Amino acid sequence: MTATPQMMRIMALSINTAARAGTIIRDVMQRGNLGIVEKEGKDDLQTEADRSAQQCIIASLSRKFPNVRVIGEEGDSNLDVKAEWLVTEENNDFLTNCCPQEWLEVKEEEFVVWVDPLDGTSEYTQGLLEHVTVLIGVAVKGRAVGGVIYQPYYKQSNGDLGRTIWGLIGLGTGGFEPKTPPKGQMIVTTTRSHSTPLVQQALDALSPTEVIKVGGAGYKVIQLLEGKAHAYIFASPGCKRWDTCAPEAVLEAYGGTLTDLAGVHYSYSSDVEYKNRMGVLATIPGLSHADLAAKVPYKIIETLKS
Ligand code: AMP
Ligand code: MG
Ligand code: MG
């Protein structure tokens with residue numbers, strides 16, 4: 001028997017780890033003491049849930065794959081975590097899939113994993129819990145190719161909480177019901193807590209028929225996957241690589257596109273700057289991403305560049 005490709009193992013461990021991080025996020029909320037601190041500015045919060053979920057994810061991935069570079073939003077993490085936070089089992093359902101040819105030979109040291117342990121922290125502190133996601137993005141040669149999005153407060157039809165959405169280029173996606181938004185409309189999703197005049201101008205440039213303001217890059221891409229919106233636009237340097245790596249990989253495995261506002265893919269190599277300086281533009285499959293990017297006024301691109 002040949003060994004399971006590293007790509008499949010890293011994705012399978014990420015799937016189980018994201019769900020474990022989700023239980024930590026629910027536990028912190030249930031205990032009620034969020035331990036909020038402000039990071040760089042008033043628009044950037046961190047809670048006990050962000051810190052603990054990150055420790056769980058970084059320690060679990062790093063213990064099993066010591067040569068993979070793992071970069072998390074909340075900085076360096078102690079790998080000496082409580083035993084109950086260490087995930088060692090790879091997801092068996094995922095491992096029943098065949099590894100796409102292009103990932104068969106990728107070595108451990110060629111992976112970079114971008115972790116946002118809790119995307120949508122503003123919404124988490126405000127009780128808008130469906131907006132919250134755990135994001136684990138897998139990059140190879142600078143490209144976002146695999147992604148796991150765990151939604152800890154998604155209500156299943158049987159009453160259970162939480163669901164895992166995944167995507168891998170060449171294999172496809174899982175964990176959600178794909179839907180296409182209504183034809184003849186342009187429903188656009190954008191930030192609800194980090195708007196600026198520039199963000200609004202870019203939104204207006206797409207002439208939306210409806211605007212959906214929700215929190216988190218993960219939850220906005222879920223709007224595209226589930227047919228609630230056609231596009232996601234954010235003309236701001238506020239998102240970082242860990243916000244977009246997993247959503248980009250899932251959306252692109254689904255056939256959509258996520259780039260900066262100029263239509264250029266971000267690099268997810270370990271040596272890049274973390275800020276997505278040129279904003280975010282994402283579209284569903286079947287919509288011309290280039291046509292939409294062309295609607296963004298040049299002045300907006302210039303402002304982001306400067
Ligand atoms: P949003 O669409 O506003 O929910 O933002 C998506 C992600 O980018 C979240 O993780 C935010 O924390 C982050 N983000 C966006 N804008 C900013 C900002 N101005 N300062 C800090 N983080 C931001
Ligand atoms: Mg985030
Ligand atoms: Mg976060």
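Donors are N, O and S atoms within 2.8 Å of the metal, and water is not among the atoms considered, so sites may look incomplete. The structure described here is a predicted model, and the magnesium ions are treated in turn below.

The magnesium ion (ligand 3) is coordinated by Glu73 (OE), Asp116 (OD) and Leu118 (O), at distances of 2.1 to 2.2 Å. Along the chain, these donor residues follow the spacing E-x42-D-x1-L. Glu73 is placed in the loop between β3 (69–72) and α3 (92–95), whereas Leu118 belongs to strand β4, so the pair ties together parts that are 45 residues apart in sequence. Both Glu73 and Leu118 are buried.

The magnesium ion (ligand 2) has Asp116 (OD), Asp119 (OD) and Asp243 (OD) as its protein donors, which lie 2.0 to 2.2 Å from the ion. Their spacing in sequence is D-x2-D-x123-D. Two of these residues link distant parts of the chain: Asp119 is in strand β4 (residues 111–119) and Asp243 is in helix α7 (residues 241–253), with their positions 124 residues apart in the numbering. Residues count as buried when their relative accessible area is under 20%. Asp119, at 5% relative accessibility, therefore counts as buried. Asp243 has a relative accessible area of 9% and is buried because of that value.

The two sites share a residue. Asp116 coordinates both the magnesium ion (ligand 2) and the magnesium ion (ligand 3), and the ions are 3.6 Å apart.

Turning to the chain as a whole, 9 helices and 13 strands are assigned. The radius of gyration is 18 Å, close to the 19 Å that the globule rule gives for 306 residues, so the chain is as compact as a globular protein of that length. The C-alpha trace spans about 50 × 45 × 45 Å along its principal axes. Of the 306 residues, 57% count as buried. Among contacts between residues at least 6 apart in sequence, 69% join residues at least 24 apart.

The surface and the charges complete the description. About 13100 Å² of the chain is exposed, and carbon and sulfur atoms supply 48% of this area. The chain carries 29 positive and 37 negative side chains, and the centres of the two sets are 3 Å apart.

Conventions: Residues numbered from 1 in each chain as written. Chains lettered and ligands numbered in written order. Predicted model: local features only at pLDDT ≥ 70, side-chain atom pairs only at ≥ 80, totals over all residues. Heavy atoms only, no water. Donors = N, O, S within 2.8 Å, 3.2 Å for Na, K, Ca; no water. Helix = DSSP H or I, 4+ residues; strand = E, 2+ residues; numbered from the N terminus. Buried < 20%, exposed > 50% of the residue type's maximum accessible area, 1.4 Å probe, protein only. Rg over C-alpha atoms; globule rule 2.2 N^0.38 Å. Contact = heavy atoms within 4.5 Å. Areas by Shrake-Rupley, 256 points an atom, 1.4 Å probe, with all protein chains shown as cover. Lys, Arg positive; Asp, Glu negative; His and termini not counted. Charge placed at Lys NZ, Arg CZ, Asp CG, Glu CD.
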